[in-house]
Amino acid sequence: MSVLSGKKVLLGITGGIAAYKTPLLVRALVKKGAEVKVVMTPSALDFVTPLTLATLSQNPVVSSFTAEGNSDHLQWNNHVELALWADLFLVAPATSNTVSSMAQARCNNLLLACYLSAQCPIYIAPAMDLDMYAHPANKANMEKLARFGNFIFPAQEGFLASGLEGKGRMMEPDDIVVSLEENLQERVPLNGKTVLITAGPTYEAIDPVRFIGNHSSGKMGFALAEEAAKLGAKVILIAGPTALSTQHTNIILHPVVSAADMHAAVFSHYANVDIAIASAAVADFRPILSADQKIKKQTGLAEIQLTETIDILAQMGKEKKQQFLLGFALETENELENANGKCARKNLDAIVLNSLNDTDAGFGGFQNKITYIRKDTSLVAFDLKPKTAVAKDIFTQILKAL
Ligand code: CTP
């Protein structure tokens with residue numbers, strides 16, 4: 001599967017003759033499984049039609065700050081939304097004029113506004129006549145854009161529209177796609193890997209309407225899933241009852257209710273995953289008997305007999321082969337000792353320690369304060385931070401170990 005599969009690509013087309021090749025570029029990207037949207041500069045409209053690009057991308061094409069062809073009821077084309085939608089922004093062809101404007105933060109068309117708003121990796125494929133390409137002013141602009149972290153596809157040698165021959169041709173669409181794949185591969189270190197994550201609480205039924213559960217919100221597990229997907233992994237997220245939903249298309253959510261459901265879902269995938277993270281707050285006990293019908297008040301309920309649920313993580317540890325296995329420990333006393341003990345007992349590669357003694361951290365909230373402990377007992381303690389940032393820290397540690 002291509003690293004471009006499922007990626008949202010914003011293609012910016014500027015007014016150079018190489019724009020006639022962009023329908024092929026759109027087609028090549030779509031063939032790789034990317035979703036493509038196109039933004040054009042007004043002068044690009046002279047070289048290639050929006051209809052062709054809209055047909056191939058199966059998305060509307062935009063080129064002005066207000067919705068196309070509707071002067072009575074003008075609507076704003078939201079450049080911020082479009083830019084933030086993109087996983088990557090490719091400007092091809094990029095004329096000297098656009099390269100210069102990008103370098104100077106000029107914003108007199110929608111494409112430039114998208115560039116300035118974009119938060120994703122940006123790729124630029126310049127195309128211009130050989131002397132323009134070689135001009136020190138243009139070179140300085142391209143160097144400046146590269147310094148900002150933009151990736152420049154060098155122009156190619158060959159026959160130019162002016163009739164001259166030299167360096168200035170836009171890289172061929174198929175070569176752009178190959179280079180994009182190579183570059184993205186470097187930026188998404190978990191591409192081709194599968195990550196299994198358990199999240200949220202489990203509910204253990206007393207009868208059809210009552211259960212034993214806990215206050216876990218699932219936020220930590222869902223943040224881990226989003227982070228793994230951003231790093232390129234395919235994510236299998238097995239989550240107990242939560243109000244959360246997933247964003248990234250690389251995440252497959254398997255909702256479960258009880259520890260037994262979670263156990264079954266985990267072991268239908270576990271053998272084939274590369275990384276497994278148990279962040280779920282699995283109920284440790286369940287009622288031995290769960291009534292088929294609602295237990296009536298008149299009948300009374302003197303006691304509920306409990307039995308232990310199956311320890312999913314411990315079994316993952318027993319069956320561990322290629323998997324990197326990470327567990328969580330929530331402790332209130334002898335925290336390091338207990339967490340280290342759990343790590344060894346469950347045959348984990350590392351364990352994340354949450355302390356209930358840290359105010360504002362842990363269950364339910366948006367923030368967490370963790371200590372990441374490796375199986376050799378070496379550790380890194382982190383500050384209190386949002387769970388999305390904690391998820392980043394955890395994957396930085398995992399990537400180091402891999
Ligand atoms: N876990 C699990 N299945 C269970 C219980 C726990 O997979 N039935 C996992 C959790 O997802 C977590 C880790 O085990 O990653 C720690 O669980 P915890 O309940 O804190 O530890 P226990 O081993 O149950 O020990 P104790 O309750 O004594 O702290």
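The paragraphs below look at how aromatic rings are placed in this predicted model.

A search through the whole structure turns up 5 aromatic pairs. In one of them, the ring centres of Tyr-123 and Phe-153 lie 5.9 Å apart and the ring planes meet at 15°, so this pair counts as stacked, given that planes under 30 degrees apart are placed in that class. Where do the two partners sit along the chain? Tyr-123 belongs to strand S5, which covers residues 122-126, while Phe-153 is found in the loop between strand S6 (151-152) and strand S7 (156-159). The pair therefore ties together parts that are 30 residues apart in sequence. Both Tyr-123 and Phe-153 are buried, and together with Phe-151 they form one aromatic cluster.

Another stacked pair is made by Tyr-203 and Phe-211, with 3.7 Å from centre to centre and 10° between the planes. Are these residues buried or partly exposed? Tyr-203 has a relative accessibility of 26%, and so it counts as partly exposed, because the buried class is kept for values under 20% and the exposed class for values over 50%. By the reasoning just given, Phe-211, with a relative accessible area of 41%, is partly exposed as well.

Aromatic rings in this model also have charged neighbours, as two lysines illustrate. Lys-37 lies over the face of Trp-85, at 4.5 Å from the ring centre, and Lys-219 is placed over the face of Phe-366, where the distance to the ring centre is 4.3 Å.

Note on methods: Residues numbered from 1 in each chain as written. Predicted model: local features only at pLDDT ≥ 70, side-chain atom pairs only at ≥ 80, totals over all residues. Heavy atoms only, no water. Phe/Tyr/Trp six-rings, centres within 6.5 Å; stacked < 30°, edge-to-face > 60°. Helix = DSSP H or I, 4+ residues; strand = E, 2+ residues; numbered from the N terminus. Buried < 20%, exposed > 50% of the residue type's maximum accessible area, 1.4 Å probe, protein only. Lys NZ or Arg CZ within 6 Å of the ring centre and 35° of its normal.
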